[in-house]
Amino acid sequence: MGIQDRKLIEFECQALFRAKQYKSCELVASLALSKVQAEANALGCSANIELFVAILEEILGDCADALGNFEEAIHFYRP
């Protein structure tokens, strides 16, 4: 997944979150996180990938919080 793809996913997640489409946002972020983590395991982790993982985890935490899943949200916010 290239940098351009990551930016598009991030913008899509932000748009879904602003539209209060929390479950859709959560689904997109979860799928992207899974793909990026698989790439990181196969290719090695870079600073760009680590940053994108952190962004996706923050988005997932925000979605969980908005949906009232506070214990799940805490999981994404803790280092």
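**View 1. Asp5 of the predicted model is partly exposed.** The relative accessible area of Asp5 is 39%, and the model shown in this and the following views is a predicted one. Asp5 belongs to helix H1. Between the C-alpha atoms of Asp5 and Ala32 the separation is 9.9 Å, although the two residues lie 27 residues apart along the chain.

**View 2. Helix H1 runs from residue 3 to residue 18.** Helix H1 has 16 residues, which at 1.5 Å a residue should span 22 Å; the C-alpha atoms at its two ends are 23 Å apart, in agreement with that expectation. The buried residues in H1 are Arg6, Ile9, Glu10, Cys13 and Leu16. These residues cover an arc of only 130° around the axis and therefore lie on the same side of H1. Helices H2 (22-43) and H3 (47-66) are what the buried residues of H1 pack against. Exposed residues Gln4, Leu8, Phe11 and Arg18 are carried on the face of H1 that is turned away from its buried side.

**View 3. Lys20 sits in the loop between H1 and H2.** Lys20 follows H1 and has a positive phi, near 60°. Most residues other than glycine have a negative phi. Lys20 is a residue other than glycine with a positive value. With a relative accessible area of 61%, Lys20 is exposed.

**View 4. The axes of H1 and H3 are 11 Å apart where these helices pack.** The packing angle of H1 and H3 is about 15°. Angles under 35 degrees count as roughly parallel, and H1 and H3 are therefore roughly parallel to each other. The crossing of H1 and H3 is left-handed. On the H1 side the contact is made by Ile3, Arg6, Ile9, Glu10, Cys13 and Phe17. On the H3 side the contributing residues are Asn48, Ile49, Phe52, Ile55, Leu56, Ile59, Asp62, Cys63 and Ala66.

**View 5. Helix H2 has buried residues and, on its other side, exposed ones.** For the 22 residues of H2, 1.5 Å a residue gives an expected span of 32 Å; the end C-alpha atoms are 31 Å apart, which agrees. Buried in H2 are Tyr22, Cys25, Glu26, Ala29, Ala32, Leu33, Val36, Glu39 and Ala40. An arc of only 160° around the axis takes in these buried residues, which puts them on the same side of H2. The cover over the buried residues of H2 includes H1, H3 and helix H4 (70-77). Lys23, Leu27, Leu31, Asn41 and Ala42 are exposed on the other side of H2. Just after H2 comes Gly44, with a positive phi of about 95°.

**View 6. H2 and H3 pack with their axes 9 Å apart.** The angle between H2 and H3 is about 155°. That angle makes H2 roughly antiparallel to H3, since angles over 145 degrees count as such. H2 and H3 cross in a left-handed sense. From H2, the residues that meet H3 are Tyr22, Cys25, Glu26, Ala29, Ser30, Ala32, Leu33, Val36, Gln37 and Ala40. Their counterparts in H3 are Ile49, Phe52, Val53, Leu56, Glu57, Ile59, Leu60, Cys63 and Ala66.

**View 7. Ser34 is a partly exposed residue of helix H2.** The relative accessibility of Ser34 is 45%. Ser34 and Val53 are separated by 19 residues in sequence, and their C-alpha atoms are 9.4 Å apart in space.

**View 8. Cys63 of helix H3 is buried.** The relative accessible area of Cys63 is 0%. Leaving aside residues up to four places away in sequence, Cys63 touches Phe17, Tyr22, Cys25 and Glu26. Cys63 and Glu10 are 53 residues apart along the chain, with 14 Å between their C-alpha atoms. Cys63 is among the H3 residues in contact with H1, and it is also one of the H3 residues that residues of H2 meet.

Notes:
Residues numbered from 1 in each chain as written. Predicted model: local features only at pLDDT ≥ 70, side-chain atom pairs only at ≥ 80, totals over all residues. Heavy atoms only, no water. Helix = DSSP H or I, 4+ residues; strand = E, 2+ residues; numbered from the N terminus. Expected span 1.5 Å × (residues − 1). Buried < 20%, exposed > 50% of the residue type's maximum accessible area, 1.4 Å probe, protein only. Arc of directions from axis to C-beta. Contact = heavy atoms within 4.5 Å. Axes fitted to C-alpha atoms, helices over the stretch in contact; angles between N-to-C directions. Parallel < 35°, antiparallel > 145°, perpendicular 65-115°, else oblique. Left-handed = near helix turned anticlockwise from the far one by under 90°.
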